[in-house]
Amino acid sequence: MSRLLQWIFGRLPIGWMQLTHKRGRFFAALSGVAFANVLVFVQLGIMNSMATATLRPYEFFNADIMISASDANALSEGGNVARQWMLQALAHPDVTAGLGLFVGDVPWDRGERDITFTTFGIDPGQTGFLAPEIASDAALFQMQDVALLDRLARGLSRDEAAAIRPQTPLSFETKGRTLTALDTFAGGGGFGGDGFMLVSDQTFLSLFPDRSSAAPDHILLRLRPGADVEAVAKNLRGLITDKTLRIRSFAEAAQEDLRYQQTQRPTGVIFGFGVLIGVLVGLVIVYQVLSADVADHLREYATFKAMGYGPRFFLGIVIEEALVLGLLGFLPGLAAGTAILTLMGKVTTLPLAMTPTMAITVFVGTVVFSVLSGVIATRRLAAADPADLF
Amino acid sequence: MIVEARGLNHWFATGEARKQALFDIDLALPRGSLTVLMGPSGSGKTTVLTLIGCLRAVQEGSVRLMGHELQGASEAELTALRQRLGFIFQSHNLHESLTAMQNVIMGVQVRPGVPDVLARRAAARALDLVGLSDRLDYLPANLSGGQKQRVAVARALVGNPQMVFADEPTAALDKDSADDVVDLLKRLGAARGTTTLLVTHDNRILDRADRILTLEDGRIVSVKEQSRGSM
């Protein structure tokens, strides 16, 4: 390391030698930086898991445009949409198919712990609207009271989920009916429900007798290949007579749902503050480590200044220290952050995981803020006469 | 003259606490001379040394060092001048994480472009000159007080400075070591024309000086010229 830094900086690696001279202090500084990293990783991981969980159900479907009620900020929120608007939309030459999407929570009383499935009711004949993994099982849930279950649902053991096959179905009672799960798909627990379930629209309406087939929660549209989704959405906003409806591309609807979850729902706002606090605490720790190091060596720096070393030399030392602390503190921080997120993911079944983007962002952020902290900490040195620092 | 100071005044602190430390100091130091600044504690010796040595900004008066006016000089100009000076401090101020050799190398590498091998050679020679050729790889913590001070002397001299400023350099040394340090500075003056300004309370070294300036309460109260070659 010493030789590498000497080669990089073309001088004695004073920053490295300074840091490693007092081993205990060095490891304390590394622990501080690693802790700051872990703090940010955990908060970012939770924030990311919210995004993953929010966007996950959109991946079950294959649609271009979604029509929702004006108050439908999320997939599982808001009022209904009259099916007649789907018929109006189908009049547009670029719209090739439409699907009513029903959404509701279905509890499964398991004695010690209930599982709540966010349940989607769709016309299983419209396989074009389904992701390939689900479309291949569409024929199964055409039957009444048949369901596809989320094998990653919270509260459903992996062994139990793995046993669900058409040959070995799982039946359970809910809402006064007996549902039979013939197969599974990969969903995952989120911040709302424990997992997902897919049933036919007829089964859905049996489970929710007060709901009407004429009023699904959302309408999904597919367009002819090559059609301009944004342009068609705009045309439909003019064509459909109910101007209160939200007519958006499916991708935009997903992003709006995510923004809503992160900025308007209490959990999202709390997680956002968590990230902010994590970053601020991390910054304070990194600044404290660097500024304490500069303060400890102020007398020696003043001697160098008296010898004729200029501001670039001191900046070089601080940047060297920032790189060393940023890199060596990041690695244990990454390992600990990954372990904590994995453990939290297992306990909560939330999609908590370390991602390359998170790792790179935190590493670059750590090094940049370490350097900035060092620069701020050396301002006193730059401004003072050497004689005032002895 | 390598140093010429005229009407030098200096104050510390501001407002009601403002206190004048130097009063109309005039002095001139010939090239190659060894000048001792004496006086009681608080008389302003170190302040004079730090003002002439570019370690403190000149507030009032004129200081010309090696032909450069220090009054109003920019930080870049002061930095460039400092590279041509050598400093020996009362507390050696060695970098605790660098070996004796590395500390002295820092005195060479302050000038950009010096190859590593030449810097090491010069540092080894300087440490040999102060009798520490067997302590090259020792950290300051493993050296005695006198040895540390000799490393600081080697660091100050390794870059062949035109002028050496020494603030109580013999305070932590026994008589023999103190004699060695002062003899070394005298020899450099004779061989290289290096000028030395030395602040001390140490009467043991007065007979080596070419000139003794005595300060009291921020004023020069006596100037004593001594014959050269008294070592």
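## A buried helix in chain B

A residue counts as buried here if 20 or more other C-beta atoms lie within 10 Å of its own. With that cut-off in hand, take helix α5 of chain B in this predicted model: 11 of its 13 residues are buried, so the helix is largely enclosed by the rest of the structure. The buried set starts with Gln147(B), Lys148(B), Gln149(B) and Arg150(B), carries on through Val151(B), Ala152(B), Val153(B) and Ala154(B), and finishes with Arg155(B), Ala156(B) and Leu157(B).

What do these buried residues pack against? In chain B, their partners are the strands β6 (85–88) and β7 (163–167), plus the helices α3 (100–109), α4 (116–129) and α6 (175–192). The helix's length checks out too: α5(B) covers residues 145–157, and at 1.5 Å a residue it should span 18 Å, which agrees with the 19 Å between its end C-alpha atoms.

## Strands β1, β4 and β5 of chain B

Over in the strands, β1 (residues 3–12) and β4 (residues 60–65) of chain B run antiparallel and pair over five bridges. Glu4(B) is a handy place to look, as it sits opposite Arg64(B) of β4(B).

β4(B) also pairs with β5(B) (residues 68–69), again in the antiparallel sense, with two bridges. Here Leu65(B) stands opposite His68(B). The two strands make a hairpin with two residues between them, and one turn residue, Met66(B), has a positive phi of about 50°.

## Chain B as a whole

Zooming out, chain B has six helices and 10 strands. Its radius of gyration is 17 Å, close to the 17 Å that the globule rule gives for 231 residues, so chain B is as compact as a globular protein of that length. Its C-alpha atoms fill a box of roughly 50 × 40 × 35 Å along the principal axes.

Of its 231 residues, 47% count as buried. Sequence-distant contacts are well represented: among contacts in chain B between residues at least 6 apart in sequence, 67% join residues at least 24 apart.

## Chain A and its two domains

Chain A has 15 helices and nine strands. A compact globule of 390 residues would have a radius of gyration near 21 Å, but chain A comes in at 29 Å. Along the principal axes, the C-alpha atoms of chain A fill a box of roughly 85 × 50 × 35 Å. Buried residues make up 42% of the 390 in this chain, and residues 24 or more positions apart account for 78% of its contacts with a separation of 6 or more.

The chain divides into domain 1 (2–54 + 266–389) and domain 2 (82–244). How far apart do the C-alpha centres of these two domains lie? They are 47 Å apart. Contact between the domains involves six residues of domain 1 and five residues of domain 2. On the domain 1 side, the touching residues are four nonpolar and two polar, with no charged ones.

## Where the chains meet

Between the chains, 20 residues of chain B are in contact with 18 residues of chain A. On the chain B side, α2 (75–82) and α3 each supply at least two residues, and α3(B) gives the most, with five. By class, that side of chain B has eight nonpolar, nine polar and three charged residues.

Helix α3(B) is worth a second look: besides its part in the side that touches chain A, α3(B) is one of the elements that the buried residues of α5(B) pack against.

Methods: Residues are numbered from 1 along each chain as its sequence is written. Chains are lettered from A and ligands numbered from 1 in the order in which they are written. This is a predicted model: local features need pLDDT of at least 70, side-chain atom pairs count only at pLDDT 80 or more; totals for chains, interfaces and linings use all residues. Helices (H or I, at least four residues) and strands (E, at least two) are DSSP runs, numbered from the N terminus. The expected span of a helix is 1.5 Å times one less than its number of residues. A residue is buried if 20 or more other C-beta atoms lie within 10 Å of its own, exposed if 12 or fewer, and partly exposed in between; C-beta atoms are placed from the backbone. Two residues are in contact if their C-beta atoms, placed from the backbone, lie within 7 Å. Ala, Val, Leu, Ile, Met, Phe, Trp, Tyr, Cys and Pro count as nonpolar, Asp, Glu, Lys and Arg as charged, and the others, Gly among them, as polar. The radius of gyration is taken over C-alpha atoms; the globule rule is 2.2 Å times the number of residues to the power 0.38. Domain bounds come from an automatic or database domain assignment. Two strands pair if DSSP finds at least two bridges between them.
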